[in-house]
Amino acid sequence: MCQPELIPSWLLQNKRSLISKTPQRLNFLRRSITHLSKIFNDEIYFNRTANCQGLLQAIDPRAKLILTLIFMIIINCSHTFAVPLILFAITLIYAKLSHISLVQLVKRAWLIVPVFILICSLPALFNVLIPGKALLIIGSANSQLQWFSHGLYITDNGCHAVMMMFIRSGCSLSLVYLLLTTTSWNDLTKGLSLLKVPTGFILILSMTYRYIFLLASCALQMNEARFLRTIGRLDHRENRRFIGHSMALLFIKSNYLATEIFAAMRARGFSHKIVSLKILKLGKIDYIFMINNGIILLILLAWSKIL
């Protein structure tokens, strides 16, 4: 048997004491590995939901692409809150009928990019950028100040502009998220090809999409290797140095892999054609789907003009 004095002290600690210390060690690497793993989890989630038996999963990708584009144009051209919110409600109904989690839709479509846009557009609330009726006075008028000679206050037009940007971005991203979760990537690119989108654009889009996962896989392996070789606590300077080295190495790998990937594609018979295992053909359900949504849009546009 081993003598107790020959055993390191950290091996003699109980399990509970080790667990209490682990969250404070290597937090940077743990968070990096977690965020990179979410990229692959999203891909698995999209593939799983695209194969469910739901309403939008049974619709031809061309019909969904056209509908998503029309909805986004109407949302971004609307000047009232009612039209985007009604289209967002329709999006939620389609998501429910397609077995898509509404909580995940709201979390992924509304809590990242729209919130960032909302924060960046906060200066537009004030009369310095967008004049209008005062809602909240922050500073009184002072003729000696060049910028705030008329005072500083939040205007109604500024609030309307900021909220419209927030709602437009959230509704548009909700439509894109619904399209991606109900359509596999191969069917989506095939639908773009059948809609006569230039082949070069589709190939660039497809390569970019696949390259994201390839680089994420390389970054995940680098973080895991660093995590397994690190003992103790990393300071902020070491974390920044690791980020810089990782970015440089990924850039070098991306240049090297670009040639290797293209050579592998040519060796496997790549012929600049978009290939899908499914035979896409518009059926009765697709025409009914497009006619129903066309009627909804006509009613919505007529109602918005009345308002």
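## Close-up views of a predicted chain

**View 1. Here is Lys196, which sits in the loop between α8 (185-194) and α9 (199-228).** The model shown here and in the other views is predicted. Lys196 is not a glycine, yet its phi is positive, at about 65°. Is this residue buried or exposed? With a relative accessibility of 74%, Lys196 counts as exposed, because the cut-off for that word is over 50%. If you follow the chain out of α8, Lys196 comes after that helix.

**View 2. Next comes α8 itself, with its buried residues.** Trp185, Asp187, Leu188, Thr189, Gly191 and Leu192 are the ones tucked away in α8. Which helices help to cover them? The cover includes α3, α7 and α9. Two of the names in this view, Trp185 and Leu192, turn up again in a core of eight residues, and Leu65 and Phe213 are also among its members.

**View 3. Moving on into α9, this view picks out Thr199.** Thr199 is partly exposed, as its relative accessible area is 34%. Look across to His272 while you are here: the C-alpha atoms of Thr199 and His272 are separated by 7.4 Å, although the two residues are 73 apart along the chain.

**View 4. His99 is the residue to find in this one, in the loop between α4 and α5.** His99 has a positive phi of about 65° and, again, is not a glycine. The residue is exposed, and its relative accessible area comes to 51%. That only just earns the word, because exposed means over 50%.

**View 5. Just along the chain is α5, which covers residues 102-110.** What is buried in this helix? Leu105, Ala109 and Trp110 are. Looking down the axis of α5, you find its buried residues within an arc of 80°, so they line one face of the helix. As a rule, an α-helix has 3.6 residues a turn, so residues three or four places apart point the same way. Among the elements that cover the buried residues of α5 are α4 (82-97), α6 (113-120) and α7 (156-182).

**View 6. This view goes inside, to the largest nonpolar core, with its 27 residues.** Which members touch the most others? Phe71, Leu87 and Tyr94 do. The helices α3 (61-77), α4, α5, α7 and α11 each give this core at least two residues. Take Leu87 as a way in: setting aside neighbours within four places in sequence, Leu87 is in contact with Phe71, Ile74, Ile75, Leu297 and Leu300. The core of eight residues, with Leu65 and Phe213 among them, lies apart from this one.

**View 7. Here we zoom in on Met164, a residue of helix α7.** Met164 counts as buried, at 3% relative accessibility. Which residues does Met164 contact, once neighbours within four places in sequence are left out? They are Ser78, His79, Thr80 and Phe81. Thr80 is 84 residues away from Met164 along the chain, yet their C-alpha atoms are separated by 7.8 Å.

**View 8. Arg62 and Asp60 make up this small scene, their side chains meeting in a salt bridge.** The distance from N to O is 2.9 Å. Are these two residues buried or exposed? Both Arg62 and Asp60 are buried. The count of salt bridges comes to one.

**View 9. Back on the surface, Tyr287, Met290, Ile291, Ile295 and Ile299 form a nonpolar patch.** Together these residues have about 480 Å² of accessible area. Ile291 is a good one to start from, and its place is in helix α11 (residues 284-306). Ile291 is exposed, at a relative accessible area of 52%.

**View 10. To finish, step back and take in the chain, with its 11 helices and two strands.** Reading along the sequence gives the pattern α-α-α-α-α-α-β-β-α-α-α-α-α. The chain has 307 residues, and 33% of them count as buried. Its accessible surface is about 20,200 Å², with 68% of that belonging to carbon and sulfur atoms. Of the contacts between residues at least 6 apart in sequence, 78% join residues at least 24 apart.

Note on methods. Residues are numbered from 1 along each chain as its sequence is written. This is a predicted model: local features need pLDDT of at least 70, side-chain atom pairs count only at pLDDT 80 or more; totals for chains, interfaces and linings use all residues. Side-chain values use heavy atoms; hydrogens and water are left out. Buried means under 20% relative accessible area, exposed over 50%, partly exposed in between (1.4 Å probe, protein chains only). Helices (H or I, at least four residues) and strands (E, at least two) are DSSP runs, numbered from the N terminus. The arc is that of the directions from the helix axis to the C-beta atoms. Contact means heavy atoms within 4.5 Å. Accessible areas come from the Shrake-Rupley method with a 1.4 Å probe; for residues, only the protein chains shown count as cover. Patches are made of residues with over 30% relative accessible area and no salt bridge: like charges are joined within 9 Å, nonpolar side chains (Val, Leu, Ile, Met, Phe, Trp, Tyr) within 5 Å. A salt bridge is a side-chain nitrogen of Lys or Arg within 4 Å of a carboxyl oxygen of Asp or Glu. A nonpolar core is a set of buried Ala, Val, Leu, Ile, Met, Phe, Trp, Tyr and Cys residues joined through side-chain atoms within 4.5 Å.
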